[in-house]
Amino acid sequence: MPIYRAVPKQDHVEGQTKQRHAGRRLPANIPYLVDNLWELARPDGLPSRRHAVYASPTPELALQNACAAGPERDNYLVCRLEFDAAPPMIQLSVADARLHGDVANLQREVNRLLGRRADDSLADKLALAPLFLPGIGKQELRAAMDADPALDALARAAAAQVTLWSDRAAADGEFFFEIAPENTYRLFRI
């Protein structure tokens with residue numbers, strides 16, 4: 001099954017070999033809190049959004065999702081992806097991760113779990129900060145949870161509400177995949 005990605009015209013070089021993103025990706029459309037809970041709850045063997053590439057099952061959805069933040073459609077090209085080797089990939093239950101029910105549900109759940117913590121000391125609030133940091137890794141978050149029982153309880157309770165990894169894929173669901181360091185992919189304009 002072909003998958004598609006829309007990329008800025010000025011960045012596209014036909015058939016250029018692409019490799020794993022060198023650093024951690026920060027989410028553009030997902031709050032850090034939700035993205036961190038998704039990473040914490042991510043089952044072994046499934047792609048991490050920290051190094052993910054996003055794609056769509058149709059050219060129309062690829063263009064629509066690329067333009068969601070406001071850039072003009074005319075600035076993008078839709079391309080078909082080809083891999084050297086099939087990477088770990090997941091297809092979501094929604095056309096774009098920003099539409100996933102976890103986005104609102106997890107924020108609401110964390111607010112509920114925090115309860116009256118707004119009156120806590122600065123030190124107590126700072127102990128919870130790792131859950132809200134941009135791009136924190138799973139091991140980093142687990143280390144912070146090991147060091148603070150309040151953070152551990154909050155993160156575990158919230159992560160138990162994650163459905164992203166167990167939802168049934170939809171035909172129009174967004175794909176994301178993680179390229180291993182030795183793997184590559186290429187984009188070909190359609």
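Begin by selecting the open sheet, whose four strands stand in the order 1-4-7-2 with antiparallel pairing. Strands here are DSSP runs of E of at least two residues, helices are runs of H or I of at least four residues, and both are numbered from the N terminus; two strands pair if DSSP finds at least two bridges between them. At the edges are strand 1 (4–8) and strand 2 (17–18), each of which pairs on one side only. Strands of a sheet pair through backbone hydrogen bonds, either parallel or antiparallel.

The model is predicted: local features need pLDDT of at least 70, side-chain atom pairs count only at pLDDT 80 or more, and totals for chains, interfaces and linings use all residues. Residues are numbered from 1 along each chain as its sequence is written, and side-chain values use heavy atoms, with hydrogens and water left out.

**Along the sheet**

Select strand 1 together with strand 4; five bridges hold this antiparallel pair. Within the pair, Ala-6 is placed opposite Val-78 of strand 4. Next, add strand 7 (residues 185–189), which runs antiparallel to strand 4 (residues 76–83) and is joined to it by five bridges. Two positions are useful markers: Arg-80 faces Phe-188 in strand 7, and Phe-83 is opposite Tyr-185 in strand 7.

Now display helix 2 (residues 59–66), which lies across strand 1 and strand 4 and runs at about 40° to strand 1. Such angles run from 0 to 180 degrees between N-to-C directions, with axes fitted as lines to C-alpha atoms, for helices over the stretch in contact; contact means heavy atoms within 4.5 Å.

**Aromatic pairs**

Turn to the rings of Phe, Tyr and Trp (its six-membered ring), which pair if their centres lie within 6.5 Å; planes under 30 degrees apart count as stacked, over 60 as edge-to-face and the rest as tilted. By this rule there are five aromatic pairs. Select Trp-165 and Phe-176, an edge-to-face pair with 5.9 Å centre to centre and 75° between the planes. Trp-165 is in the loop between helix 6 (149–159) and strand 6 (175–178), while Phe-176 is in strand 6, so the pair ties together parts eleven residues apart in sequence. Both Trp-165 and Phe-176 are buried (buried means under 20% relative accessible area, exposed over 50%, partly exposed in between, with a 1.4 Å probe and protein chains only). Adding Tyr-54 shows a cluster, in which ring pairs link Tyr-54, Trp-165 and Phe-176.

The next pair is Phe-177 and Tyr-185: the ring centres are 5.7 Å apart and the planes are at 85°, so this pair is edge-to-face. Phe-177 is buried at a relative accessible area of 0%, and Tyr-185 is buried at 6% relative accessibility.

**Helix 3 and Leu-114**

Select Leu-114 in helix 3 (residues 101–114). Leaving aside residues up to four places away in sequence, Leu-114 touches Leu-128, Phe-132 and Leu-154. Then draw a C-alpha to C-alpha distance from Leu-114 to Ala-86: the two are 28 residues apart in sequence and 41 Å apart in space.

**The whole chain**

Finally, show the full chain, which has six helices and seven strands. In sequence order the pattern is β-β-α-β-α-β-β-α-α-α-α-β-β. The C-alpha atoms fill a box of roughly 55 × 30 × 30 Å along the principal axes. Of the 190 residues, 44% are buried. Among contacts between residues at least 6 apart in sequence, 84% join residues at least 24 apart.
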